[in-house]
Amino acid sequence: MSTRKPNDYKSELKPIWCPGCGDFGVLASLYRSMADMDLDPAKTVIVSGIGCSSRLPHFASTYGVHTLHGRPLPVAMGVKLANPDLTVIAVGGDGDGFAIGAGHFPHASRRNIDVTYLVMDNEIYGLTKGQASPTSLFEQKAPSTPFGNPEDPLNPLALAIAAGASFVARGASFNTKALTELITQAVEHKGFSYIDAMSPCTTFNNTQESWKDAVTDVAPDHDPTDRVKAFDLALRGGFSLGILYRQERTTQTERYKAILEQAKPSDVNVMLDGFNARKGAAIGKPA
Amino acid sequence: MASIPAANGPARPRCPESSRGLPIRHPGDARPGCNLYGGTLSARNSVVVRLAGESGEGVISCGDILTQAAARGGYYTQTFRTFPAEIKGGPCMYQFRLSDEPIWSHGQDVDLLVCFNQEAWDLNWDSLGPEGVILYDSVEVTIPDEYLDRARPVRMDELAKEIGGSTRAKNMVAAGAITAVIDFDTTPIEELVLRRYAHKEGVADANIAALHAGAEESADLKGRYPLVPPVEVEEDRMLISGNQAIAVGAVAAGVNYFAGYPITPASDILEWLSVRLPQVGGLTIQCEDEIASLASVVGASYTGAKAMTATSGPGISLMNELIGYAGTAEIPVVIVDAQRGGPSTGLPTKTEQSDLNQALYGSHGEAPRVVIAPVSVEDCFYSIVDAFNYAEEFQVPVLLLTDQGLATRLEVIHRPDPEKLNIVQRKTSAGIAREDYKRYEYTESGVSPMGLPGEPNGMYVATGIEHDEYGHPGYTPEIHLGMQTKRLGKLEPIRETSRVATHGEAQPEDIAFIGFGSTFGPVREAVDRLAEQGLSVGAFYPRVLGPFPASRVETFVANAKRIIVPEVNYTGQLARLIKAETNINELESVAKCDGLPFTAEAIIDLAAQEVAA
């Protein structure tokens, strides 16, 4: 039974987001989910990149690392590897995760780092005032694409499944109850859990109404352990909300733990012995 | 002062290409005669051996086994290698210097040149010293007539085939021939061969037979080039490279997280720690790039780990943004830069000291960091301990600059005693009440206690955005000035307290050498030899270049007629730093940009030539 309430996770700082921003809904869902799980704030680390949504750690009363643009995943990996007792949640936007930080996403996925990655996807750069992002639609007009976006959008969910993420889901900021539940399942999942949280930018790319009309729930008979079907669902148009893919696989933390358990204990003096070159010294093990 | 003789007789004319620095030897240089067959040369306390051949012919393993055997035989050694940047094929070279006394440089004039093939001769003949002799493969190599009196053919290929059925043991024939000429006991070599091939029956025997056959081949030259035998000492010594000294030193300092990306010439550290860190409860991970490497190191250190990465110039270029982040968020990290020739991909397998500017000033804004440059292989061990100590004490990124030469050369060093090291741990928020805790609190030292996840009262958000004492974003003039003063000001005491490597006069009157990193060895040797000429000479090598010990440098040069600043780069980065940080206006910047380390002889020639000019 949880003893903590969502408000216990609020910091004294108020979010700096525009009125109506989807990120409020995501933050509320995160507070509620953390309360549902009764997460110890002192053992929870929220790691973010740079962007509107990446300000999130400042609004939570947990440990936090507000890193550089695009770098929350490798920082989160270091946090988790160095202290596996911590719950590590990485957050950020679509520009942070899929443009400048895209090089890290497949590796976090294939390594199955034991981190939850919550991307607030608004298909636009908000903080820099409305330029096209990697998830912006073809022909979308923006200050940097005055003739319409000449590029096709990236599909983060398909990418996550292809790269080996072991938990892939989609939620929406305007459906906080379901999103709360998704976050809880993602955090409780062992391994890399990715949530694409549709989070409209009401200032530069107000998709709120169209997205509300477009979303459907993942069909109840969808088998999330079937990777091919999950991939099919991710590639299909439209927005299915829910868990697309879930896989049981040893995590990076577990694999490194196994390496540690197998290692023959040693110390620095033994290591120095490996370089021994004293006159007449016995020939030791190779250094 | 006008009478300083050059190291090797009269000064040679300068080659136009070397106008930025040093004389280089070129064909046609007069050299005194040397006859290998005409009696015994005087006993040496130092000998320089260079092996050359095609990559894959066993040149490197021959050099390695001789160096190891010599170290175990009680000699001091230092190696010098050049590698082709390609994996297979290409010319390769392995040079080692042996002495009964500590060695500070790899030596310039080769005493014994061993040529495995014709190209080896063509590429290396001009390294031969005035009394240098040559061993060469009797079939593959043709030596010009004027060198025949100092050259001895060795049936390397032929004997190897006779003994082992292939040319594989050619290098052991060569090793045997070398042992005879320098009068070196083969026992330690045999022991090493037995160990190396313990699992392969017959191979060890064939190699030892090849070794003896080689020694027999040049038996008539035995003792012709005698080396003073080492003194018996009861002392622990090690044969180790700069990269290895850094890796084992990091373990002594308590490293428990290493992340890296393969890059020449730093990969040894990643590989060595991959095996050893788990043995002491730590982790080594290979990341997708250098950015992820340092990012994960930042994350690990945030939780309290002692974390480091190691790379070379291109990797540092990628890490620069995170160096600024770690400085601003005040997270301790250690970054090793084994410098190689730049810019861009540059010369991956050659040496250069051209990342000093990048280490000192890299990353936008004015980001705090400490920059350390060890001066020898032994110093690599102590400097990585310093690096962790500075990182922990000042909560700052620390860059440790070595270079390809220092990182990859093997050297006999005195075994360090880990018990005697002073290991610093960071100040944490433990024991501070939650309502009183401010992560970035202004303190007298500028260092504020760091909250570590798990500690209930230390919660904060680490951030690279400008922030107030709580870590909350804030951009007022007071906050920015206050925090820059805190972050940069906390490092100021290091200027007066950092370790310095010195040699010779503390305040020389004739020549003051100032340098950094691996040029210390040859300069130290040159200082001794110049002092023998009656000159007042000294060397001052700051081990910490940022923050720079400006007033201590000024004191050192106060009485000096000449200030010489040797460095291996094009623009004279240290010379510029000295001019920027001190009141010194007149100095001789000797920037050498050829991808090769300095030799002591080059430093001496330089001192002599300037006087002649």
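Here's a short chat about a sheet in chain B and the contact between chains A and B, all taken from a predicted model.

User: In the open seven-stranded sheet of chain B, which strands stand at the edges, each with a single partner strand?
Analyst: Start with the order, which reads 9-8-10-11-13-12-19, with mixed pairing. The two end strands have one partner apiece, so one side of each lacks a neighbour in the sheet. That gives strand 9 (283-286) and strand 19 (544-546) of chain B.

User: Which residue in strand 13 of chain B stands opposite B:Ala338?
Analyst: Look at the pairing of strand 11 (residues 333-339) with strand 13 (residues 397-403) of chain B, which run parallel and are joined by seven bridges. Opposite B:Ala338 you'll find B:Thr402.

User: What angle does the direction of helix 9 of chain B make with that of strand 10 of chain B?
Analyst: Helix 9 (residues 290-302) packs on the sheet, touching strands 8, 9, 10 and 11 of chain B. Its direction and that of strand 10 (307-311) make an angle of about 165 degrees.

User: Which element gives the largest share of the side of chain B that touches chain A?
Analyst: The contact takes 50 residues from chain A and 61 from chain B. On the chain B side, 36 are nonpolar, 12 polar and 13 charged. The largest share there, nine residues, comes from helix 9 of chain B.

User: Which residue of strand 15 of chain B stands opposite A:Gly64?
Analyst: Strand 2 (residues 63-66) of chain A runs parallel to strand 15 (residues 461-463) of chain B, and three bridges join them. Opposite A:Gly64 stands B:Val461.

Definitions and conventions:
Residues are numbered from 1 along each chain as its sequence is written. Chains are lettered from A and ligands numbered from 1 in the order in which they are written. This is a predicted model: local features need pLDDT of at least 70, side-chain atom pairs count only at pLDDT 80 or more; totals for chains, interfaces and linings use all residues. Two strands pair if DSSP finds at least two bridges between them. Helices (H or I, at least four residues) and strands (E, at least two) are DSSP runs, numbered from the N terminus. Two residues are in contact if their C-beta atoms, placed from the backbone, lie within 7 Å. Axes are lines fitted to C-alpha atoms, for helices over the stretch in contact, and angles run from 0 to 180 degrees between N-to-C directions. Ala, Val, Leu, Ile, Met, Phe, Trp, Tyr, Cys and Pro count as nonpolar, Asp, Glu, Lys and Arg as charged, and the others, Gly among them, as polar.
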